[in-house]
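Trainee: I am new to this entry and would be grateful for a guided reading. May I put my questions in turn?

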Amino acid sequence: ILDRYVAEIDPEKLSNSAITGMLRELDPYSQHISDNDSHRLDAITKGEYGGVGMHLGRMNDSLIVISPMDGTPAFRQGIHAGDRIVKIDSVWTKKLDLNEAARLVRGKKGTLLKLLIWREGEPELLTFELERELIKVPDVSYSGLLEDRTGYVKLSNFSKFSAEDLEKAIRKLNKVHLNGLIIDLRGNPGGLLSAAL
């Protein structure tokens, strides 16, 4: 095609179109992760990524902070749940989709990120400058007893360490000789197929 097609073709665009076509034939959970999304691959395979530690969401036309993660740069700098991110570095967020916003917020450890935030009750927009750190994503976000001998484990995603973390949580709970165990997968976005198996 590159040698003989009637018009000039962009090889990268053609390759991406071929990949998109192949993915349509697979299950909805198979994804192509490009170089621009390498932070997603790190989060899935290593359970960690470079960032500032906050969960993002969209509400109407606003990019909002769902919650900062304890002990992270976002938490230490005083970013609150409900804060609306107006600008990420030089990019306005009004029409930014969630994946693109996450890509802009994440980055190499030690690099700086500037956020412009609107907060309820504040007369002016707030500016935050944060240094990205290595953020560890726990696969088991909670484990405990629901009743005397019923264990509950929330498995938040499937990364390289999921099986190990799940086993540790169950062994710890089973010290009381469990009668039952609930493994909660609600909201789990998936991850590595080998880890899920």
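**Reading the model**

Trainee: Is N60 buried or exposed?
Mentor: Relative accessible area decides this: buried means under 20%, exposed over 50%, and partly exposed in between (1.4 Å probe, protein chains only). N60 has a relative accessibility of 74%. Because that value is over the 50% cut-off, N60 counts as exposed.

Trainee: From which number are the residues counted along each chain?
Mentor: This is a predicted model, in which local features need pLDDT of at least 70, side-chain atom pairs count only at pLDDT 80 or more, and totals for chains, interfaces and linings use all residues, while side-chain values use heavy atoms and leave out hydrogens and water. Along each chain, as its sequence is written, residues are numbered from 1.

Trainee: How many helices and strands are there in the chain?
Mentor: Both are DSSP runs numbered from the N terminus: helices are H or I runs of at least four residues, and strands are E runs of at least two. By that rule, the chain has six helices and 11 strands.

Trainee: What is the radius of gyration of the chain, and how does it stand against the globule rule?
Mentor: The radius is taken over C-alpha atoms, and the rule is 2.2 Å times the number of residues to the power 0.38. For 197 residues the rule gives 16 Å, and the chain is well over that, so it is more spread out than a compact globule. Along its principal axes, the C-alpha trace spans about 70 × 55 × 30 Å. The radius of gyration is 21 Å.

Trainee: What share of the residues in the chain is buried?
Mentor: The count covers the 197 residues of the chain, with the cut-off for buried stated above. Buried residues make up 31%.

**Salt bridges**

Trainee: How many salt bridges does a search of the whole structure find?
Mentor: Side chains of opposite charge can pair when their charged atoms come close. A salt bridge is a side-chain nitrogen of Lys or Arg within 4 Å of a carboxyl oxygen of Asp or Glu. The number found is seven.

Trainee: Which residue pairs with R76 in a salt bridge?
Mentor: R76 lies in helix α3 (residues 73–76), and its partner in strand β8 (residues 133–136), 57 residues apart, so the pair links distant parts of the chain. The partner counts as partly exposed, at 29% relative accessibility. The two side chains meet at 2.4 Å, N to O, and the partner is E133.

Trainee: In which helix do E164 and K168 lie?
Mentor: Their side chains meet in a salt bridge at 3.5 Å, N to O. E164 counts as partly exposed at 43% relative accessibility, whereas K168 counts as exposed at 51%. The two residues are four apart, about one turn of the helix, and both lie in helix α5.

Trainee: Is D184 buried or exposed?
Mentor: D184 meets R186 in a salt bridge (2.7 Å, N to O). R186 counts as exposed, at 62% relative accessibility. D184 has a relative accessible area of 6%, under the 20% cut-off, and is therefore buried.

**Around strand β4**

Trainee: Which residues does V86 touch, not counting those up to four places away in sequence?
Mentor: V86 is found in strand β4 (residues 84–88), and at 23% relative accessibility it counts as partly exposed. Contact means heavy atoms within 4.5 Å. The residues touched are V91, W92, T93, L116, I117, W118 and L125.

Trainee: How far apart are the C-alpha atoms of V86 and E133?
Mentor: Along the chain, V86 and E133 are 47 residues apart. In space, their C-alpha atoms are separated by 22 Å.

Trainee: What is the phi of D89?
Mentor: D89 lies in the loop between β4 and β5 (91–92), and counts as partly exposed at 39% relative accessibility. Although D89 is not a glycine, its phi is positive, at about 55°.

Trainee: In which loop is N60 found?
Mentor: N60, too, is a residue with a positive phi of about 55° although it is not a glycine. It is found in the loop between β2 (54–59) and β3 (62–68).
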